[in-house]
Amino acid sequence: MSVTVPIVHVVDDDTSFLAAISRLLRANGLSVKTYSSAHEFLTQRDADAPGCVLADLRMPQMNGLDLQSALGQTPNPLPILFLTGHGDIPSTVRAMRGGAEDFLEKRAPKERLFDAVTRALARDSRERGARDRQRELRARFDTLTDRELEVLSHVVQGRLNKQIAGDLGIHERTVKLHRTAITTKLKVQSVAELTRLTQEAVIFPEPVRTFPKGQ
């Protein structure tokens, strides 16, 4: 099985700095790709490949903050960290609120740069794993019918088969059949596991109506 090596994507319109920083990163064993503009990066990147983005803040046409915003709209956004020669507090605040891994001046010690890149790559690995998990869970839940989802919404509230049958106007035996289909399709064994999986996949983002005792 092939292993995809994470790539540090360096985006800067200063060609001399771009060459210098890429040499420094490669000398420390990192795989690097360089781009002279944010637009060039967005059109050339492999959307599924792991890595992180090291971007200049001030660039013509699309600056670093605009790039950060554009990345956030993609299915697999890469962690971004900024290197700039013209930092200011408002830009720093906006970048960090937008989820930037770090915000460094271009003259920052190389140890701080390597530490930030290492953290960004580790974060990408974690977040990529979480997204893969969400997609796998969603694929499981997508196999459920509308009626099975309806039954599921009652099951995760702790409703008994008899209560669910009364609420939905169906036979209790039918409820049992639906529950068997649900647990089989979702590959779970217990109500507790079913509830945890449903919460993890955010299947019911809005609170499901609860029923008074004795109803």
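Analyst: A helix here is a DSSP run of H or I of at least four residues, a strand is a run of E of at least two, and both are numbered from the N terminus. The structure under discussion is a predicted model.

User: What phi does Gly-169 take, just after α7?

Analyst: Helix α7 covers residues 161-168, and Gly-169 is found just after that helix. Its phi is positive, with a value of about 70°.

User: Within what arc do the buried residues of α7 fall, seen down its axis?

Analyst: An α-helix has 3.6 residues a turn, so residues three or four places apart point the same way. In α7 the buried residues are Asn-161, Ile-164, Ala-165 and Leu-168. Because these buried residues are confined to a limited arc as seen down the axis of α7, they line one face of the helix, and that arc is 100°.

User: Which exposed residues does α7 carry on the face turned away from its buried side, and which helices do its buried residues pack against?

Analyst: On the face of α7 turned away from the buried side, the exposed residues are Lys-162 and Gly-166. The buried residues of α7, for their part, pack against α6 (146-155) and α8 (172-186).

User: At what angle do the axes of α6 and α8 cross, and how do the residues of their contact divide by class?

Analyst: The two axes come within 10 Å and cross at roughly 95°, and the helices are therefore roughly perpendicular to each other. Arg-147, Glu-148, Val-151, Leu-152 and Val-155 of α6 meet Val-175, His-178, Arg-179, Ala-181, Ile-182 and Lys-185 of α8. By class, this contact of α6 with α8 consists of six nonpolar, one polar and four charged residues.

User: Which residues does Val-191 contact, leaving aside neighbours within four places in sequence?

Analyst: Val-191 is found in helix α9, residues 191-200, and is partly exposed with a relative accessible area of 36%. Its C-alpha atom is separated by 8.2 Å from that of Gly-158, although the two residues are 33 apart along the chain. Once its neighbours within four places in sequence are left aside, the contacts of Val-191 are Val-155 and Arg-179.

User: Which element gives the largest share of the largest nonpolar core?

Analyst: In soluble globular proteins, nonpolar side chains tend to be buried together. The largest nonpolar core of this model has 18 residues, and those with the most contacts inside it are Val-8, Val-10, Ile-21, Leu-25, Leu-54, Leu-113 and Val-117. Two or more residues each come from β1 (7-11), α1 (15-27), β3 (51-56), β4 (80-84) and α5 (110-141), and the largest share, six residues, comes from α5.

User: Which residues does Val-117 touch, not counting those up to four places away in sequence?

Analyst: Val-117 is one of the residues with the most contacts inside the largest core. Not counting residues up to four places away in sequence, Val-117 touches Val-8, Leu-25, Leu-30, Cys-52 and Leu-81.

User: How far apart are the axes of α1 and α5?

Analyst: These two helices pack at an angle of about 70°, which makes α1 roughly perpendicular to α5. Their contact is made by Ile-21, Leu-24 and Leu-25 of α1 with Lys-110, Leu-113, Phe-114 and Val-117 of α5, and its residues divide into six nonpolar, no polar and one charged. The distance between the axes is 12 Å.

User: Is Arg-123 buried or exposed?

Analyst: Arg-123 lies in helix α5, and it touches Pro-79, Gly-99, Ala-100 and Glu-101, not counting residues up to four places away in sequence. Residues under 20% relative accessible area count as buried. Because the relative accessible area of Arg-123 is 18%, Arg-123 is buried.

User: At what angle do the axes of α3 and α4 cross?

Analyst: The axes of α3 (residues 64-72) and α4 (residues 89-97) come within 10 Å, and their crossing angle makes α3 roughly parallel to α4. The contact is made by Leu-65, Asp-66 and Gln-68 of α3 and by Ser-91, Arg-94 and Ala-95 of α4, which divide into two nonpolar, two polar and two charged residues. The axes cross at roughly 10°.

User: What is the phi of Gln-61?

Analyst: Most residues other than glycine have a negative phi. Gln-61 lies in the loop between β3 and α3 and is exposed, with a relative accessible area of 83%. Its phi is positive, in a residue other than glycine, and is near 65°.

Note on methods. Residues are numbered from 1 along each chain as its sequence is written. This is a predicted model: local features need pLDDT of at least 70, side-chain atom pairs count only at pLDDT 80 or more; totals for chains, interfaces and linings use all residues. Side-chain values use heavy atoms; hydrogens and water are left out. Buried means under 20% relative accessible area, exposed over 50%, partly exposed in between (1.4 Å probe, protein chains only). The arc is that of the directions from the helix axis to the C-beta atoms. Contact means heavy atoms within 4.5 Å. Axes are lines fitted to C-alpha atoms, for helices over the stretch in contact, and angles run from 0 to 180 degrees between N-to-C directions. Angles under 35 degrees count as roughly parallel, over 145 as roughly antiparallel, 65 to 115 as roughly perpendicular and the rest as oblique. Ala, Val, Leu, Ile, Met, Phe, Trp, Tyr, Cys and Pro count as nonpolar, Asp, Glu, Lys and Arg as charged, and the others, Gly among them, as polar. A nonpolar core is a set of buried Ala, Val, Leu, Ile, Met, Phe, Trp, Tyr and Cys residues joined through side-chain atoms within 4.5 Å.
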